[in-house]
Amino acid sequence: MKALLFFLTITSVFFSCSNPESYDILIKNGQIIDGSGNPGYVGDIGIRADTIAAIGNLQDAIGTSEIDATGLVVAPGFINMLSWATESLIEDGKSQSDIRQGVTLEVFGEGWSMGPLTDEMKVDEEKSQGDIKFPISWTTLGEYLDFLVDKGVSTNVASFIGATTVRIHELGYEDRAPTAEELESMKSLVKQAMEEGALGVGSSLIYAPAFYASTEELIELCKVAAAYDGMYISHMRSEGGRLLESLDELIRIADEAKIRAEVYHLKESGQANWGKYDAVVAKIDSARAAGLEITTDMYNYVAGATGLDAAMPPWVQEGGYNKWAERLQDPVIRKQVLQEMKTPTDEWESLMQAVEGPDKMILVGFKNDSLKYLTGKTLAEVAELRQLSPEETAMDLVVQDGSRVGTIYFLMSEENVKKQLALPYMSFGSDAGSYSIEGVFLKSSYHPRAFGNFARVLGKYVREEKVISLEQAIYKMTTLPATNLKIKKRGTLKEGYFADLAIFDPTQIQDHATFEEPMQYATGMVHVLVNGTPVLQNGEHTGAFPGQVVKGPGFKE
C-alpha cells in the first residue's frame with residue numbers, strides 16, 4: 001500500500017512538472033496594484049485570449065509570450081471619464097497620446113454625442129468639420145461606436161447619449177421648451193440609446209443650445225436613463241459665479257430622477273470663486289450622506305479648454321453657427337454683444353470674464369488655414385496685431401474661421417487642484433482627443449491634458465508631491481470609474497475580468513506636454529494590453545486594434 005501511495009505521489013509530481021499551466025501571455029514578477037486601493041504585492045498574471053485567467057504565484061507556468069515586469073507596476077487599464085477622441089479616432093485609431101499613458105477605455109458624451117443624428121444634423125456636422133474630414137455613415141449612437149470598432153481602434157470605447165444631441169434632434173437650435181410630443185420623442189431617443197449600450201445621459205449646460213434646456217427637461221430624460229441603471233453626468237451651468245446653485249441643480253436632478261450623477265471636470269473657475277471649494281465639497285458630502293450617489297471627475301491643470309463661444313452670450317448663438325456668425329456681423333447686435341461680453345453677469349457663464357485678462361486665453365484650434373498662423377498666440381496678442389479690443393477680435397475670429405475657435409482659458413488654482421485630487425469620489429478625464437504627433441494633427445495645437453493628464457497624476461502628484469498614494473491614484477483611474485459606470489468585468493485585476501492592463505515604471509512615469517509645447521508623449525508606460533492584446537510593447541505602439549464597444553448596464557441584445 002505504501003509503495004502504491006509513493007508511486008502515485010511521484011507520478012502526480014512528475015505529471016504536474018511535465019505539464020505546467022500555460023497561458024497566451026504570462027506577466028511575471030510585477031508589482032500588482034489591482035485597482036481596489038489595497039497595497040500592492042509582487043505576483044504574476046496569466047492571460048488567455050482576452051481574459052485574466054490567473055493571478056498569484058505562477059512561477060511554474062509558461063506563456064506563449066512572457067513579460068518580465070520586475071520593478072514595474074501592473075495595474076488595470078485606465079478609464080478616461082471624459083474623452084473627446086470621437087473624431088481623432090476616426091482619423092487614427094491608435095489613440096497614441098492616451099495609450100502611452102495607460103488609457104484603455106475612452107468615454108464620450110459630454111453633452112454632444114455622435115448619435116442619434118437626423119439627415120440635417122449629418123449635413124451640418126460634415127460642413128463644420130475642420131482638419132479631420134469623414135463621411136457620416138451612421139445614424140444612432142450605437143452605430144457610431146460599432147463603426148469605430150469596425151474601422152479599428154486600439155482602445156475600448158463607450159459613450160453617454162448627449163442631452164444636447166437629443167435636443168437638436170427634435171428642436172434644432174431654438175431657445176424654447178419642447179412640446180409634450182417633442183419631449184416624448186427625446187425620451188424615446190434616450191431609451192433607444194440606453195438599450196444600445198449608452199452609459200447614461202450627458203449634458204453640457206454652459207453652451208447653446210444646451211443652455212436653453214430647463215431642469216425639468218433634464219429630469220425627464222434622466223428618468224429614462226435611470227430605468228436602465230444609467231448615470232447622469234454634467235458640465236454644469238456654471239463653474240464660477242453660480243457654481244453652488246448649479247451643483248444644487250445637479251443634486252436635484254439626481255434626487256428627482258433617482259439617478260447616479262457625476263460632475264464633469266469639477267473646478268472653481270475664476271479667482272473670485274476659488275474660495276468656494278469647501279462649500280462645494282460640503283454640498284457633495286451632504287448629498288452623499290443623504291443617500292445620493294454623487295461623484296466627480298477632473299483634469300489636473302489650472303487651465304481649461306473650449307471655444308470662444310464660452311466668451312459670448314448664449315442668445316446670440318441661437319439657431320446654430322450660421323445664425324451666430326450672421327448676428328455678429330450686424331452692427332447693432334455686435335454692439336450689444338460687445339457690451340455683454342464686458343459686463344459681469346450671473347445670467348450666463350463667461351469664461352472670458354473669469355480669466356484675469358485676454359493674455360490668459362490661448363487660441364489653439366482654427367478651421368481656416370489662413371488663420372492657422374495665429375495658433376498658440378493669446379487673444380491679447382491677436383487683438384494688438386489687429387488694433388482692436390479683445391472682444392471685437394473674438395467676434396471677428398469666430399466669423400472669419402467658420403468655427404467657435406478652440407481656446408485655452410487659465411481659470412483655476414493649483415491649491416484647489418491638489419485638494420480635489422484627494423477627494424474619495426474623484427476620478428479623471430482628459431476632456432480632450434487622443435492624438436498622434438504626425439499627419440493632420442500637426443495642423444492644430446492642443447491643451448497638454450491630451451498628452452499628459454493621467455501620467456501627470458502618477459508622476460507629479462503621486463511620486464513627486466505625494467498628494468495621494470499610488471494605490472489611491474490607480475483606484476481613482478480604474479475601479480472607481482468602472483464601478484460608477486456599472487461596467488462589467490473591467491477596472492480591476494481579477495480572474496475572469498477582461499485583460500486591460502497598464503504596466504509602467506513608477507520611478508519614470510512622467511508627463512512632458514506643456515502649454516507652449518503640448519505635443520509631447522508621456523514616458524514611463526512600458527506595456528499596455530487591451531482585451532489581452534499588446535498595443536504598447538516596450539514603450540512602442542504595436543499597431544494593434546483590439547478595442548471593443550463597452551456597453552452600459554441597460555444594453556439589450
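How many salt bridges does the structure hold? The structure holds 29, a salt bridge being a side-chain nitrogen of Lys or Arg within 4 Å of a carboxyl oxygen of Asp or Glu. The model is predicted, so local features need pLDDT of at least 70 and side-chain atom pairs count only at pLDDT 80 or more, while totals for chains, interfaces and linings use all residues. Residues are numbered from 1 along each chain as its sequence is written, and side-chain values use heavy atoms, with hydrogens and water left out.

The overall fold is described next. The protein has 19 helices and 21 strands. Helices (H or I, at least four residues) and strands (E, at least two) are DSSP runs, numbered from the N terminus. Along the principal axes, the C-alpha atoms fill a box of roughly 105 × 50 × 45 Å. The radius of gyration is 25 Å, which agrees with the value near 24 Å for a compact globule of 557 residues. This radius is taken over C-alpha atoms, and the globule rule is 2.2 Å times the number of residues to the power 0.38. Of the 557 residues, 59% are buried. Buried means under 20% relative accessible area, exposed means over 50%, and partly exposed lies in between (1.4 Å probe, protein chains only).

Individual salt bridges were then examined. Arg48 pairs with Glu21, and their closest N and O atoms are 2.7 Å apart. Arg48 lies in strand 2 (residues 41-48) and Glu21 in the loop between helix 1 (2-18) and strand 1 (22-32), so the pair ties together parts that are 27 residues apart in sequence. Both ends have some solvent access: Arg48 is partly exposed at 35% relative accessible area, and Glu21 is partly exposed at 45%.

The salt bridge between Arg252 and Glu256 has its closest N and O atoms 2.9 Å apart. Both residues sit in helix 9 (residues 243-257), four residues apart, about one turn of the helix. Arg252 is partly exposed, with 31% relative accessibility. Glu256 is also partly exposed, with a relative accessible area of 39%.

Asp431 and Arg449 form a salt bridge through their side chains, at 3.5 Å from N to O. The pair links distant parts of the chain, 18 residues apart: Asp431 is in the loop between strand 17 (426-428) and helix 17 (449-464), and Arg449 is in helix 17. Asp431 is buried at 8% relative accessible area, and Arg449 is buried at 2%. Elsewhere, salt bridges with shared partners join Glu184, Lys187, Glu220 and Lys223 into one network.

Backbone geometry gave further features. Most residues other than glycine have a negative phi, and most peptide bonds are trans. Asp431 is not a glycine, yet its phi is positive, about 55 degrees. Val405, also not a glycine, has a positive phi of about 65 degrees. Val405 lies in the loop between helix 15 (390-401) and strand 16 (406-410). At 0% relative accessibility, Val405 is buried.

Two cis peptide bonds can be described. One joins Gly115 and Pro116, with omega about 0 degrees. Pro116 is in the loop between strand 7 (103-108) and helix 4 (119-128). Another runs from Ala208 to Pro209, with omega near 0 degrees. Pro209 is in the loop between strand 10 (200-204) and helix 8.

Helix 8 spans residues 215-226 and contains Glu216. Glu216 is partly exposed, with 43% relative accessibility. Glu216 and Glu318 are 102 residues apart in sequence, and their C-alpha atoms are 20 Å apart in space.

Surface charge was considered last. Glu356, Asp359, Glu381 and Glu384 form a negative surface patch. Patches are made of residues with over 30% relative accessible area and no salt bridge; like charges are joined within 9 Å, and nonpolar side chains (Val, Leu, Ile, Met, Phe, Trp, Tyr) within 5 Å. Asp and Glu count as negative and Lys and Arg as positive, while His and the chain ends are not counted. Within the patch, Glu381 belongs to helix 14 (residues 379-386). Glu381 is partly exposed, with a relative accessible area of 40%.

Note on methods
Accessible areas come from the Shrake-Rupley method with a 1.4 Å probe; for residues, only the protein chains shown count as cover. The place of a charge is taken as NZ of Lys, CZ of Arg, CG of Asp or CD of Glu.
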